Amino acid sequence: MTTEPVQGDPAQERLRRWRLVLGGDLADGTGRALTGRDAAMDGALAALYGKEGRPRAGRDRSAGLGASAPAVARWLGDIRSYFPSSVVQVMQRDAIDRLGLATLLLEPEMLEAVEADVHLVGTLLSLHKAMPETTKETARTVVRKVVADLEERLATRTRATLTGALDRSARVTRPRHHDIDWNRTIAANLKHYLPEYRTILPERLIGHGRASRSVRKEVVLCVDQSGSMAASVVYASVFGAVLASMRSIDTRLVVFDTAVVDLTDQLDDPVDVLFGTQLGGGTDINRALAYCQSRITRPTETVVVLISDLYEGGIRDEMLKRVAAMQAAGVRFVTLLALSDEGAPAYDREHAAALAALGAPAFACTPDLFPEVMAAAIEKRPLPIPDAG
């Protein structure tokens, strides 16, 4: 019996899909056998999701990738031909987690076969110290492709959003015509409404000047490089490079675990930034913030963005005192539990509550929301905190 979809037969198609989902055990209840492409897809799924790495019941289903690099390479090629890119990336991550395939990524032929995404970059960064020389260049090529894709997706909107925020933050009392903020001007002059002419006499114009070419704002990205923050490190490096390309923003990128590393001089190439990180290790947020605080020269024009899950291994009370001191000096302090598409990871809720009490609420931020968060911080207006629900 074939399981290829029957045109115009929704019931048969549902049975086919359930058979692939349930895996073919005797109790799957579909009574279907698989042939052709469906059988090959089923085998690829079984290799990853088969029970405890053993074949499931059913003659067509096998399981387990073993430790053979050629077998893994074939499997990677199979899933790319059977499934869309988004599904392939999920299956690759599951294979690394469930089957311990991380070490196989140290082989060039493996890297050439995988579908690259942010999570794969995180895995490569955690392994790069152990990579043989024959693999390092391939790894950099994979990372560079992902970074280029992210920059293409994020850079234009980020620059446009922040340029507007910088312009609006440069308020002037006598704006040129094309710089007038008409909504604010009308609201401020409602008392001068002339009923007989059905118009408002704008006695006071409100507008903003164009941000000058000199640096007007300073942004410090302080990024936790513990293993759980891998995706956040990738996105922060890309955004750091984008911000550094804007003349009106002086950008500093600091990464930390129990040590602190300033990667600002590498921001012209986010790939160099990423390979300058060392994922894993402990966390000393207080030490990192002490370093950032020492580099602030114009507090009232500075935004500090701490990206961390807040599991502090340093001195908690000192960390909170530093945040309070920076805010008292005029620094806008932003706390992001993650900068990724996955939402908030596990985080220290006690520390998050303490920061919120200081006026620095901690929340997870997607890459698409980050430009709006930065714009609000630059303009000193409420942050667009996403609904926790």
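Colleague: Why is histidine 192 called buried?

Modeller: In this predicted model, histidine 192 has a relative accessible area of 19%. The cut-off for buried is under 20%, so histidine 192, at 19%, counts as buried.

Colleague: Where does histidine 192 sit, and which residues is it in contact with beyond four places in sequence?

Modeller: Histidine 192 belongs to the loop between helix 8 (182–188) and strand 2 (193–194). Leaving aside neighbours within four places, its contacts are Thr199, Ile200, Leu201 and Glu203. With glutamate 203, the C-alpha to C-alpha separation is 7.8 Å in space, for 11 residues in sequence.

Colleague: Thanks! Now to cysteine 365: what makes cysteine 365 count as buried?

Modeller: Its relative accessible area is 1%. That value is under 20%, therefore cysteine 365 is buried. Cysteine 365 is part of strand 10 (residues 362–365), and beyond four places in sequence it contacts Leu336, Ala338, Leu339, Ser340, Phe370 and Val373. Glycine 343 is 22 residues from cysteine 365 in sequence, while their C-alpha atoms are 6.9 Å apart in space.

Colleague: Then there are the two threonines. How do you know whether threonine 135 is buried or exposed?

Modeller: Threonine 135 has 0% relative accessibility, and since anything under 20% is buried, threonine 135 is buried. This residue lies in helix 7 (residues 133–169). Not counting neighbours within four places in sequence, threonine 135 is in contact with Leu105, Leu106, Glu107, Pro108 and Leu111.

Colleague: And what about threonine 283, is that residue buried or exposed?

Modeller: Threonine 283 has a relative accessible area of 11%, under the 20% cut-off, so threonine 283 is buried too. Its place is in the loop between helix 10 (270–275) and helix 11. Among the residues threonine 283 touches, once those up to four places away are set aside, are Asp224, Ser226, Phe256, Tyr311 and Glu312.

Colleague: What is it about the phi of leucine 310 that you would point out?

Modeller: Phi of leucine 310 is near 70 degrees, a positive value in a residue other than glycine. As a rule, most residues other than glycine have a negative phi. Leucine 310 is in the loop between strand 8 and helix 12. At 0% relative accessibility, against a cut-off of under 20%, leucine 310 counts as buried.

Colleague: Lysine 380 has a positive phi as well. Why does lysine 380 count as partly exposed?

Modeller: Its relative accessibility is 47%. Buried needs under 20% and exposed needs over 50%, so lysine 380, at 47%, counts as partly exposed. Its phi is near 60 degrees, and lysine 380 lies in the segment after helix 14 (370–379).

Colleague: On to the helices. What makes helix 11 roughly parallel to helix 12?

Modeller: The axes of helix 11 (residues 285–294) and helix 12 (residues 316–328) cross at roughly 25 degrees and come within 8 Å. Angles under 35 degrees count as roughly parallel, so that is what helix 11 and helix 12 are. Their crossing is left-handed. Helix 11 contributes Ile285, Asn286, Leu289, Ala290 and Gln293 to the contact, and helix 12 contributes Glu318, Met319, Arg322, Val323, Ala325 and Met326. These residues divide into 7 nonpolar, 2 polar and 2 charged.

Colleague: How do you know the relation of helix 1 to helix 2?

Modeller: By the same reasoning. The axes of helix 1 (residues 10–22) and helix 2 (residues 36–49) come within 9 Å, crossing at roughly 30 degrees. That angle is under 35 degrees, so helix 1 is roughly parallel to helix 2. In this contact, Arg16, Arg19 and Leu20 of helix 1 meet Asp38, Asp42 and Leu45 of helix 2. The split is 2 nonpolar, no polar and 4 charged.

Colleague: Last one: where should I take care with pLDDT under 50?

Modeller: Residues 52–63 stay under 50, and the model has 31 contacts for them beyond four places in sequence. Where pLDDT is low, predicted coordinates should not be read in detail. Among the elements, strand 1 (residues 171–172) has the lowest mean pLDDT, 54, and strand 8 (residues 302–307) the highest, 97. Over the protein, the mean is 81, with 81% of residues at 70 or more.

Methods. Residues numbered from 1 in each chain as written. Predicted model: local features only at pLDDT ≥ 70, side-chain atom pairs only at ≥ 80, totals over all residues. Heavy atoms only, no water. Axes fitted to C-alpha atoms, helices over the stretch in contact; angles between N-to-C directions. Helix = DSSP H or I, 4+ residues; strand = E, 2+ residues; numbered from the N terminus. Parallel < 35°, antiparallel > 145°, perpendicular 65-115°, else oblique. Left-handed = near helix turned anticlockwise from the far one by under 90°. Contact = heavy atoms within 4.5 Å. Nonpolar A, V, L, I, M, F, W, Y, C, P; charged D, E, K, R; others polar. pLDDT = per-residue confidence, 0-100. Buried < 20%, exposed > 50% of the residue type's maximum accessible area, 1.4 Å probe, protein only.
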